[in-house]
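Got the viewer open? Here is a short walk through the model, one selection at a time.

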Amino acid sequence: MDTIRHLMQKNLINTYRGWWAWHCVVRKYHIGATAVILMPGTNRKYNRSALLFLDQMLKQRKYENAVILTVDRAAAASAKLFSENICAVECISRRKAEQFMQFYSLYEFDARFIVASLDEPYGRNAWRLAGVRGTTVDELMALGVYRLPVFKRPKLPAYSGNHAKILQFLGKERSR
């Protein structure tokens, strides 16, 4: 019984911290017609796909721009290559991402907040569909997470630099 009580208290505290973090983001970035995309993990396929379909999602949902919250430093470094509509990119801790998701799990508090993952928050199992009858991570992200009505895969952004993290994130080899 004490274990359950402790777990409930921990979840309640993290929910409150997630609520507080959300309100800090809203105040900091003056969120209006802005989407806030949380990339809670370091899975490059998920994060690259989330950035790849960002502009389509913004247009579909009539958002002006987006704030990216990510725990993946390579995604943070690469984000602005994917879209001119990204007004801010912020690296956050895994703990803070978990707090956001704990609040998000309570109820859908704001339609502008999107968790760009196929396996988080706990209970989301879309990753199991990847590979089934040729279904790709890109399709799952576009249709399932972003809820785009039509799947149309854009091209990866052009990058001529030599930054190792960005090249790795884009799935390109470093030129020698």
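Start by selecting Asp138. This is a predicted model, and in it Asp138 has a relative accessible area of 13%, so it counts as buried. Now add Arg153 to your selection. The side chains of Arg153 and Asp138 come together in a salt bridge, 2.4 Å from N to O. This pair ties together distant parts of the chain: Asp138 belongs to helix α6, Arg153 sits in the loop between α6 and α7, and 15 residues separate them. Is Arg153 buried or exposed? Neither, quite: with a relative accessible area of 45%, Arg153 is partly exposed.

**Along helix α6**

Stay with α6 and colour its buried residues: Val137, Asp138, Leu140, Met141, Ala142 and Val145. Which elements do they pack against? Show α2, α3 and β4, and you have the answer.

Just after α6, click on Arg147. Its phi is positive, near 60°, and Arg147 is not a glycine. You'll find Arg147 in the loop between α6 and α7. At 54% relative accessibility, it counts as exposed, because the cut-off for exposed is over 50%.

There's another residue like this to look up. Select Lys62, in the loop between α3 and β2. Lys62 also has a positive phi, about 60°, without being a glycine. At 70% relative accessibility, Lys62 counts as exposed.

**Into the core**

Time to go inside. In soluble globular proteins, nonpolar side chains tend to be buried together. Here the largest nonpolar core has 32 residues. To find your way around it, select Ile37, Met39, Leu51, Leu54, Met57 and Tyr146, the ones with the most contacts inside that core. The elements giving two or more residues to it are β1 (34–39), α2 (44–52), α3 (54–61), β2 (65–70), α4 (73–82), α6 (137–145) and α7 (164–170). Which of them gives the most? It's α6, with 5 residues.

Zoom in on Ile37. Which residues is Ile37 in contact with, leaving aside neighbours within four places in sequence? Show Leu54, Met57, Val67, Ile68, Leu69, Ile114, Ala116 and Tyr146 as sticks to see them.

A second, separate core is worth a stop too: it has 19 residues, including Trp22, Val25, Ile92 and Phe109.

**Helix α1**

Now select residues 2–29, which make up helix α1, and pick out Thr15 within it. At 12% relative accessibility, Thr15 counts as buried. A polar atom of the Thr15 side chain lies 2.7 Å from the backbone oxygen of Asn11. Leaving aside neighbours within four places in sequence, Thr15 is in contact with Gln102, Phe103 and Leu106.

Next click on Tyr16, which is also in α1. Add Trp19 and Trp20: together with Tyr16 they form a nonpolar patch on the surface, with about 350 Å² of accessible area between them.

One more pick in this helix is Gln9. Gln9 is partly exposed, with a relative accessible area of 46%. Try your distance tool here: the C-alpha atoms of Gln9 and Glu108 are separated by 21 Å, and the two residues are 99 places apart along the chain.

**More salt bridges**

How many salt bridges does the model have? The count comes to 7. You've visited the one between Arg153 and Asp138, so now try Arg94 with Glu120. Their side chains meet in a salt bridge at 2.4 Å, N to O. Arg94 is in helix α5 (residues 94–106), while Glu120 is in the loop between β4 and α6, 26 residues apart. Arg94 is partly exposed, at 35% relative accessibility, whereas Glu120 is buried, with a relative accessible area of 15%. Add Glu98 to the view as well: Arg94, Glu98 and Glu120 are linked in a network of salt bridges.

Then hop to Arg112 and Asp110. They form a salt bridge too, with the closest N and O atoms 2.5 Å apart. Both Arg112 and Asp110 are buried.

**Last stop**

Go back to Glu120 and look at its backbone. What joins Glu120 and Pro121? A cis peptide bond, with omega at about 0°. Pro121 has its place in the loop between β4 (113–115) and α6.

Definitions and conventions
Residues numbered from 1 in each chain as written. Predicted model: local features only at pLDDT ≥ 70, side-chain atom pairs only at ≥ 80, totals over all residues. Heavy atoms only, no water. Core = buried A, V, L, I, M, F, W, Y, C linked by side-chain atoms within 4.5 Å. Buried < 20%, exposed > 50% of the residue type's maximum accessible area, 1.4 Å probe, protein only. Helix = DSSP H or I, 4+ residues; strand = E, 2+ residues; numbered from the N terminus. Contact = heavy atoms within 4.5 Å. Polar contact = N/O pair within 3.5 Å; in protein donor to acceptor, adjacent residues only side chain to side chain. Patch = residues over 30% accessible without salt bridge, like charges linked within 9 Å, V, L, I, M, F, W, Y side chains within 5 Å. Areas by Shrake-Rupley, 256 points an atom, 1.4 Å probe, with all protein chains shown as cover. Salt bridge = Lys/Arg side-chain N within 4 Å of Asp/Glu carboxyl O.
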